[in-house]
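Welcome! Please take a moment to look over the sequence and the 3D view, then work through the exercises at your own pace.

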Amino acid sequence: KGKKLYATWHEVWGKEYWAEYLGKGLFSIIGYAIEKLSFLMPDIIISNSNHTTSHLRAAGYKKEIKTVSLGVDIKSIYNTKPATNKSDIIFVGRLLNHKNIDLLIKAIALVKKTVPEIVCNIVGDGPEKPKIEELIKDLYLQNSVYILSSAIDDIKLYGLMKASKMLVLPSIREGFGLVVVEANAAGLPVVTTSHKNNAAKDLIREGVNGLLAEPTEENLAEKILYVLNNRNTMNPRQGIKEYNWQKVTQNYKFAVK
């Protein structure tokens, strides 16, 4: 109909990750081909982060890209009351291999030597769940690490966040990391990894709203202990209004003019 086509892009996978995700066969080739074809269709791409924008350029996209971050319902998060289910650490996300939940559990085993009463709530479901449950048993962490179903509404999730002391996202692959913004809005500092494919690292201002850790259990444990001892000196909500939906909507309106 002669109208411009806009596409919002959340992550670029590329040939290597398609092969890792679907195996080195026909399905990964088809997935990669569809992704490449999708680059050609929009007149303008709205990218959710500078990280995704740089990956789009590296993949060969030549047309216009507008970078507009994702948003959260800050008012709802502010108004949510903390849950009664308290924790020291919370993880929220799909239980996938690249999320590195096993790294978090091993780090908790190290932290437990200093903080015996440490409690972590893992909110999520996914294919890695049986492995994670087995690891919790192997490390004798049944009274420290609890897996909660992700089948809850946003308000209950925000309540669990506000009943915790920090969010830990040990993922090595994120296109944006919306859960970091949600956690910061809930008043939680965030520990995530410095891995090059983790866009969530770009949301972190060291010592203000969180910390970056190397993707090792030792360094993750070190950062967790630091936050436990220094969280009162941090200010996770600083700059959070930039991610309010009203602000993000205005940015979208400007992008599509």
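Below are five exercises, each with a worked solution.

This is a predicted model, in which local features need pLDDT of at least 70 and side-chain atom pairs count only at pLDDT 80 or more, while totals for chains, interfaces and linings use all residues. Residues are numbered from 1 along each chain as its sequence is written, and side-chain values use heavy atoms, with hydrogens and water left out.

**Exercise 1. Helix α9**

Task: Check the span of helix α9 against its number of residues, then find what its buried residues pack against.

Solution:
- Step 1. Helices are DSSP runs of H or I with at least four residues, strands are runs of E with at least two, and both are numbered from the N terminus.
- Step 2. The expected span of a helix is 1.5 Å times one less than its number of residues. Helix α9 covers residues 217-230, which is 14 residues, so it should span 20 Å. Its end C-alpha atoms are 20 Å apart, which agrees.
- Step 3. A residue is buried under 20% relative accessible area, exposed over 50%, and partly exposed in between, using a 1.4 Å probe and protein chains only. In α9 the buried residues are Asn219, Leu220, Ala221, Lys223, Ile224 and Val227.
- Step 4. These buried residues of α9 pack against the strands β4 (89-92), β7 (167-169), β8 (190-193) and β9 (210-213), and against helix α5 (101-111).

**Exercise 2. Trp18 and its aromatic company**

Task: Is Trp18 buried or exposed, and which aromatic cluster does Trp18 belong to?

Solution:
- Step 1. Find Trp18 in helix α1, residues 14-22. Its relative accessible area is 16%, so Trp18 is buried.
- Step 2. Contact means heavy atoms within 4.5 Å. Leaving aside neighbours within four places in sequence, Trp18 is in contact with Trp13, Gly23, Ser28, Gly31, Tyr32 and Glu35.
- Step 3. Rings of Phe, Tyr and Trp (its six-membered ring) pair if their centres lie within 6.5 Å; planes under 30 degrees apart count as stacked, over 60 as edge-to-face and the rest as tilted. By this rule there are six aromatic pairs. One of them joins Trp13 and Trp18, with 4.6 Å from centre to centre and 50° between the planes, a tilted pair. Trp13 is partly exposed, at 24% relative accessibility.
- Step 4. The cluster is made up of Trp13, Tyr17, Trp18 and Tyr21.

**Exercise 3. A pair across the sequence**

Task: What kind of aromatic pair do Phe176 and Tyr243 form?

Solution:
- Step 1. The ring centres of Phe176 and Tyr243 are 6.4 Å apart and the planes are at 65°, so the pair is edge-to-face.
- Step 2. Phe176 is in the loop between β7 and α8 (178-185), while Tyr243 is in the loop between α9 and α10 (245-255), so the pair ties together parts that are 67 residues apart in sequence.
- Step 3. Phe176 has a relative accessible area of 6%, which means that Phe176 is buried.

**Exercise 4. Two buried residues**

Task: Which residues are in contact with Ser144, and which with Ala183?

Solution:
- Step 1. Ser144 lies in the loop between α6 (129-138) and β6 (145-148). Ser144 is buried, at 1% relative accessibility.
- Step 2. Apart from neighbours within four places in sequence, Ser144 is in contact with Lys112, Ile118, Val119 and Cys120.
- Step 3. Ala183 is found in helix α8, where it is buried, at 0% relative accessibility.
- Step 4. With neighbours within four places again left aside, Ala183 is in contact with Met161, Leu167, Leu188 and Val190.

**Exercise 5. Helix α3 and the largest cavity**

Task: Which residues of helix α3 are buried, and which residues line the largest cavity?

Solution:
- Step 1. In helix α3 (residues 50-58), the buried residues are His51, Thr52, Thr53 and Leu56. They pack against β1 (6-9), α2 (26-40), β2 (44-47) and β3 (64-67).
- Step 2. After α3 comes Gly60, whose phi is positive, near 105°.
- Step 3. The largest cavity is lined by Glu11, Val12, His51, Thr52, His55, Arg173, Glu174, Gly175 and Asn197. On a 1 Å grid over the protein atoms alone, a cavity is a set of points where a 1.4 Å probe fits but cannot get out, and lining residues have an atom within 4 Å of a point.

Conventions:
On a 1 Å grid over the protein atoms alone, a cavity is a set of points where a 1.4 Å probe fits but cannot get out, and a pocket is an open set with protein on both sides within 12 Å along at least five of seven lines; lining residues have an atom within 4 Å of a point.
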